Amino acid sequence: MTTYLLESALNLLLLLGFYRFFLENQPVHRLKRAYLLGTLVVAFVAPLLTIEVPLPQPVAKPSAVALFIPTSSLPTQAVAAAEPAPNYWLWLYVAGTLLMLSRFARNLYQLVAQVRRYGSQSFRGVWLVSLPADVLPHTFLNYLFVSKAALETGTLEPELLTHELAHIRQRHSLDVLLIELVLCFSWFNPLLIWLKRAMQRNHEFLADEAVNIAFGNVPGYQHLLLDKLTRATALPALVSTLTFQTTKQRLLMMTKYASPARTWFAGGTIALVFGIATLLVTTTASTPASSKDPVGQRGDLPTRTTDEGPDLSRLPQFPPATNRQIAEVERWFSQVMVAVPDSSAPDKWVRRKYADLTQNEKRYVVCLLPERPKAISPVYLNDYKNKAKYGPVHVDGQEVKDFAANKLTADDIAFYRLSPYGEGANEKTAVSLYTRAGFEVYKKRQEANPLVFVKVTKW
C-alpha cells in the first residue's frame with residue numbers, strides 16, 4: 001500500500017506540474033478539462049497495473065522465476081513473529097475519511113434543503129430556484145440558484161445567466177462531485193486540493209468562453225465581471241459559482257485565441273505525457289527464463305539434501321515480482337535468511353537477510369512451500385522394486401537396501417518423490433517414500449526450516 005501511495009502521489013505531482021507550467025494559461029479549455037480528469041485516472045489506476053518489458057538475459061543474474069508464500073501458507077511461528085503492531089495510522093485515516101464524508105454530506109444537504117424550502121420551476125431546460133437572499137447566480141447539477149429580487153425586477157444580467165447555464169449544460173458539477181469524493185478518501189494528499197481548484201478555474205474559463213461566443217462583446221463582459229466583483233459572497237463548496245478569486249486570470253484568458261495548430265499540438269503533448277506517466281509506474285524489467293535449470297541440476301543447496309527436500313529440477317516457472325509484491329513480502333520476510341549464490345565463487349552459497357538483498361535479487365527469491373500428501377498407485381510402488389530402473393529407495397529418510405522384500409503397501413505411503421540419480425549410462429531414478437507418521441515429521445521439519453533462495457541460471 002505504501003508503494004502504491006508513493007507512486008500515485010509522484011504521478012499526480014508530475015502531471016499537475018506539467019499542467020501548471022505548460023497548459024494552464026493555454027486557451028484550450030476543453031482539452032484541459034479532459035487532461036485534469038485524465039490526471040485522476042492515471043494517478044490512481046496506473047500504479048495498479050504492471051507492464052513487463054523483457055530484457056536480454058545478463059550473465060550471473062537471477063532467472064525469471066519468483067515464488068512467494070501466501071500469508072495463509074506461512075509457517076505458524078513465522079506469522080506469529082511477524083505479527084504487526086496495532087496500526088494507529090489506520091484509525092487516523094478512518095477518522096479523517098469519516099470527517100470528510102460528513103462534510104461532503106452536509107454540503108449536499110444544504111443544497112437539497114434549499115431546493116425543498118424554496119421550490120423550483122422550469123427555466124430554459126433547467127430548474128430555477130429563487131432565493132430570498134441577495135446572492136450571485138450559482139449552479140449545481142441541473143439547478144440554477146438566483147436572487148428572487150433580481151429575478152422579479154429584471155436586473156439579472158443575461159451574460160451571467162448564460163455563464164451559469166453553460167456550467168449546467170457542460171455538467172461541471174459532475175467533475176466537482178468526482179474530485180470531492182476522491183478527496184474524502186485521499187484527504188491526506190494536498191495535491192488533490194490543488195487539482196480541485198484547477199478544475200474549478202477551468203470551469204470558469206469554459207463558461208466565460210460560452211458567454212463571449214454568445215454575445216461577442218469581450219470588453220463589456222469584462223467590465224460586468226469587475227462591477228460584480230464586490231458582491232461575491234460565500235456559497236456551498238459543491239456549487240459552480242461566479243467567483244472572483246481568479247478574476248485577473250479570467251480576464252486575460254478572454255483575450256487569447258487557440259489556433260487549430262495549437263490545439264492539435266496540445267492534444268498530442270497531452271497524450272504523450274499520459275503515456276510517459278503511465279509507463280513510469282507500470283513498467284518493470286524482466287529477463288527471459290532459461291531452458292535449463294542449473295539449481296535443479298547441481299543439487300548443492302546448503303540447507304537441504306536431495307532426500308530432504310523437493311525436487312528442484314521440477315521447479316515451475318513464474319514471472320519476476322513487481323515492486324508492490326516485493327514490498328508486501330518484505331513486511332513478512334525482512335529477517336528471513338536467504339541462500340544467495342556467491343559472486344566470487346558461483347558454486348558456493350552464502351546466506352543473507354531478505355532485507356539486505358538488492359532489489360533485483362528480491363525479484364527472483366524462491367520460497368518452497370511445505371509438501372502436501374500425495375497418494376501412490378500400487379502399480380508404481382511395485383515398479384520401484386526394479387533395481388535396473390530405480391536407484392536407492394528411502395523410506396522416511398532412511399535408505400532401504402532390499403526394497404524388493406519390503407512389505408509396504410500403497411495405503412501405507414502418504415507422500416513420494418522421484419529425483420535423478422547418477423549420470424550417463426548409469427543414470428537411474430531415486431525414490432523417496434514417506435509413511436503417514438514419517439511424512440508428519442518431514443513436513444514439520446520443512447515448516448521450521450523453509451527453503452528460501454535466489455534462483456540463478458548463469459554462473
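Rings of Phe, Tyr and Trp count as a pair if their centres lie within 6.5 Å. In this predicted model, a search of the whole structure finds 14 such aromatic pairs.

Take one of them. A pair of aromatic rings is described by the distance of the centres and the angle of the planes. For Y19 and W194, the centres are 6.3 Å apart and the planes stand at 80°, so this pair is edge-to-face. Planes over 60 degrees apart earn that label. The pair also links distant parts of the chain. Y19 sits in helix α1, W194 in helix α8 (residues 191-215), and 175 residues separate the two.

The two partners differ in cover. Y19 has a relative accessible area of 1%, so it is buried. W194 has 28% relative accessibility and therefore counts as partly exposed. Neither ring stands alone: ring pairs link F18, Y19, F22, Y35, W194 and F274 into a cluster.

Helix α1 also takes part in a surface feature. L10, L14, L272, I276 and L280 form a nonpolar patch there, with about 490 Å² of accessible area together. Two elements, α1 (2-23) and α11 (260-282), each give two or more residues to this patch. Which of them gives the most? That is α11, with 3 residues. L10 is found in helix α1. At a relative accessible area of 46%, L10 is partly exposed, because that class runs between 20% and 50%.

Now turn to helix α7, residues 172-185. Is it enclosed or open? Of its 14 residues, 10 are buried, so the rest of the structure largely encloses this helix. The buried residues are H172, S173, D175, V176, L177, I179, E180, V182, L183 and C184. An α-helix has 3.6 residues a turn, so residues three or four places apart point the same way. The length of α7 can be checked too. At 1.5 Å a residue, its 14 residues should span 20 Å. The end C-alpha atoms are 21 Å apart, which agrees.

The last stop is a strand. F123 is found in β2 (residues 121-123). Which residues does F123 touch, leaving aside those up to four places away in sequence? They are L128, L144 and L161. Of these contacts, consider L144. F123 and L144 are 21 residues apart in sequence, and their C-alpha atoms are 8.8 Å apart in space.

Notes
Residues are numbered from 1 along each chain as its sequence is written. This is a predicted model: local features need pLDDT of at least 70, side-chain atom pairs count only at pLDDT 80 or more; totals for chains, interfaces and linings use all residues. Side-chain values use heavy atoms; hydrogens and water are left out. Patches are made of residues with over 30% relative accessible area and no salt bridge: like charges are joined within 9 Å, nonpolar side chains (Val, Leu, Ile, Met, Phe, Trp, Tyr) within 5 Å. Accessible areas come from the Shrake-Rupley method with a 1.4 Å probe; for residues, only the protein chains shown count as cover. A salt bridge is a side-chain nitrogen of Lys or Arg within 4 Å of a carboxyl oxygen of Asp or Glu. Helices (H or I, at least four residues) and strands (E, at least two) are DSSP runs, numbered from the N terminus. Buried means under 20% relative accessible area, exposed over 50%, partly exposed in between (1.4 Å probe, protein chains only). The expected span of a helix is 1.5 Å times one less than its number of residues. Contact means heavy atoms within 4.5 Å. Rings of Phe, Tyr and Trp (its six-membered ring) pair if their centres lie within 6.5 Å; planes under 30 degrees apart count as stacked, over 60 as edge-to-face and the rest as tilted.
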